[in-house]
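Please open the model in your viewer and keep the sequence panel beside it. The stops below go from the whole chain to single contacts, and each one says what to select next.

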Amino acid sequence: MFEVPTTFAAPHVPFTQPVVSRDGADAVAALIASGELKSGGALTRRCSERLQADLGAASVLMVQSCTAALELSAILLDLQPGDEVIMPSFGFASAANAFVLRGTVPVFVDICEDTLNIDPARAADAITDRTRAIVPVHYAGIGAPMERLLPLAAEHGLAVIEDAAQAIGASYRGRPLGTFGALGTFSFDATKNLTCGTGGALVVNDPELVERAEWIRDCGTDRAGFARGESSRYQWVDAGSNYALNELAAAYLAPQLDHVAETSRRRRHIWDRYHAAFAPLEAQGVLRRPIVPEDCEPNGHAYGVIMPTPAARDALIRDLAAVRITASFHFVPLHSAPAGLEFGRTNGPMHHTDALSSRLVRMPLWTDMTDAHTDRVIAAVARATGADVDPRDLTR
Ligand SMILES: Cc1ncc(COP(=O)(O)O)c(C=O)c1O
């Protein structure tokens with residue numbers, strides 16, 4: 001005898017799923033067979049050359065993570081204890097940690113209400129004679145207002161380090177994100193558009209920084225020059241660490257770098273589907289959809305809606321979980337987190353950071369997500385929020 005179930009559980013819709021690259025898996029297998037596992041090998045070179053060509057950067061260094069790229073940047077810019085670096089509080093801990101580890105003080109400022117990116121007016125207010133750099137985050141692959149931040153930085157002699165962790169393939173005024181500051185940092189973590197599990201890239205746009213960036217990446221040695229045949233031996237020349245990307249990870253990532261535009265296009269399709277479906281919900285005041293300035297060409301990294309209240313945000317995440325859909329909050333603000341209170345300081349009000357971070361819900365989104373998945377999420381959001389719509393009308 002068996003029991004006939006009265007209900008069938010719908011399959012789980014995860015929040016994200018890493019890309020499965022068959023070409024990448026083949027490249028990993030071939031690399032293992034070849035025994036050429038030393039970092040900085042042919043696959044790492046393929047990744048950096050591809051990114052360098054796509055971005056038009058002076059150099060691109062493949063590193064272990066975006067966190068490593070940010071730490072390398074802080075060493076490269078010789079940031080000292082007591083120096084200050086301005087960044088949005090609405091960001092990931094790595095941007096702050098990279099500087100805290102050098103005794104440098106992260107100064108947190110508010111974000112713009114529309115894009116959730118750093119507010120340039122707040123950044124200007126935060127500049128002191130200790131300020132050394134500005135670290136804009138391109139949240140969800142939507143460009144921060146570089147046309148205001150770059151002149152501000154130039155006027156005060158500040159470096160710009162773009163936290164472009166989420167922004168591979170996205171552009172601002174036709175130019176790729178990650179190429180505006182002296183330095184840009186990408187992530188290839190499992191949640192990102194392209195992934196090798198854990199990985200990153202440091203984009204070096206200022207040619208004068210390239211040689212020392214290589215030294216710092218290579219344990220403080222001039223091994224990169226030696227490998228290019230520029231010297232007969234290599235030696236310890238500076239303070240550094242082992243930041244180089246694992247060659248196995250480079251092998252998995254390299255084929256994906258040939259399909260950046262296609263990945264963005266597929267994710268934008270899902271993004272657009274959410275956006276069109278949620279228009280009537282926005283018109284009814286049930287939620288607010290993301291706002292993309294005309295200057296920005298995003299990469300479909302993430303789709304987040306702003307709910308009217310924190311309670312409505314929590315209820316939506318809970319109600320979606322009840323129908324086996326995982327949605328997520330994002331970024332507990334750095335300025336009010338325990339380490340932010342200990343190591344950083346806040347400049348100016350944090351109204352938008354506090355109000356928006358407590359009401360944001362990120363929808364499931366991954367590159368191979370099907371329309372059926374997306375439509376299930378859309379219908380579940382319509383039901384959970386009690387919007388006055390027939391969910392079937394939203395997904396036709
Ligand atoms: C905005 C931002 N910065 C930095 C990071 C850190 O990236 P990684 O995990 O590659 O160190 C992330 C990753 O989630 C991020 O979203």
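**The whole chain**

Of the 396 residues of the protein chain, 54% count as buried, where buried means under 20% relative accessible area, exposed means over 50%, and partly exposed lies in between (1.4 Å probe, protein chains only). This is a predicted model, in which local features need pLDDT of at least 70 and side-chain atom pairs count only at pLDDT 80 or more, while totals for chains, interfaces and linings use all residues. Residues are numbered from 1 along each chain as its sequence is written, and side-chain values use heavy atoms, with hydrogens and water left out.

With a cartoon view switched on, the protein chain shows 15 helices and 13 strands; helices (H or I, at least four residues) and strands (E, at least two) are DSSP runs, numbered from the N terminus. Along the principal axes, the C-alpha atoms of the protein chain fill a box of roughly 75 × 55 × 40 Å. The protein chain has a radius of gyration of 22 Å, which agrees with the value near 21 Å for a compact globule with 396 residues; the radius is taken over C-alpha atoms, and the globule rule is 2.2 Å times the number of residues to the power 0.38.

**The sheet of 8 strands**

Next, colour the strands and look for an open sheet in which 8 strands follow the order 1-9-8-5-4-2-3-12 with mixed pairing; two strands pair if DSSP finds at least two bridges between them. Its edge strands are strand 1 and strand 12 (345–346), each of which pairs on one side only.

Select strand 9 (residues 200–204), where 5 of the 5 residues are buried, so the strand is largely enclosed by the rest of the structure. In a regular strand the side chains alternate between the two faces of the sheet. Here both faces are covered, with Gly200, Leu202 and Val204 buried on one side and Ala201 and Val203 buried on the other. Strand 1 (residues 59–63) pairs with strand 9 in the antiparallel sense over 5 bridges, and serine 59 has valine 204 as its bridge partner. Strand 8 (residues 183–187) also runs antiparallel to strand 9, joined to it by 5 bridges, with valine 203 as the bridge partner of glycine 184.

From strand 8, move to strand 5 (residues 159–163), which pairs with strand 8 in the parallel sense over 3 bridges; aspartate 163 has threonine 185 as its bridge partner there.

Now select strand 2 (residues 84–88): is it enclosed or left open by the rest of the structure? It is largely enclosed, because 5 of its 5 residues are buried, with Glu84, Ile86 and Pro88 on one side and Val85 and Met87 on the other. Strand 2 pairs in the parallel sense with strand 4 (residues 131–134) over 3 bridges, and valine 85 has alanine 133 as its bridge partner. With strand 3 (residues 105–109), strand 2 pairs in the parallel sense over 5 bridges, and methionine 87 is partnered by phenylalanine 108. Add helix 4 (residues 93–100) to the selection, and strand 2, helix 4 and strand 3 appear as a right-handed β-α-β unit; a crossover is right-handed if, with the strands pointing away from the viewer, the path from the first strand over the helix to the second runs clockwise.

**The ligand**

Select the ligand and the residues near it, meaning those with a heavy atom within 4 Å: 13 residues surround the ligand, and the closest are Cys66, Thr67, Asp163, Ser187 and Lys192. Oxygen atoms of the ligand lie 2.4 Å from an N or O atom in the side chain of threonine 67, 2.7 Å from a polar side-chain atom of serine 187, and 2.8 Å from an N or O atom in the side chain of lysine 192. Taken alone the ligand exposes 390 Å², and the protein buries 89% of that; these accessible areas come from the Shrake-Rupley method with a 1.4 Å probe.

**The sheet of 3 strands**

For the last stop, find the open sheet of 3 strands in the order 7-6-10, where the pairing is antiparallel. Strand 7 (175–176) and strand 10 (296–297) stand at its edges, each with a single partner strand, so one side of each is left without a neighbour in the sheet. Strand 6 (residues 171–172) pairs with strand 10 in the antiparallel sense over 2 bridges, and serine 171 stands opposite glutamate 297 in strand 10.

Technical notes. A polar contact is a pair of N or O atoms within 3.5 Å; within protein, one must be able to donate a hydrogen and the other to accept it, and residues adjacent in sequence count only if both atoms are side-chain atoms.
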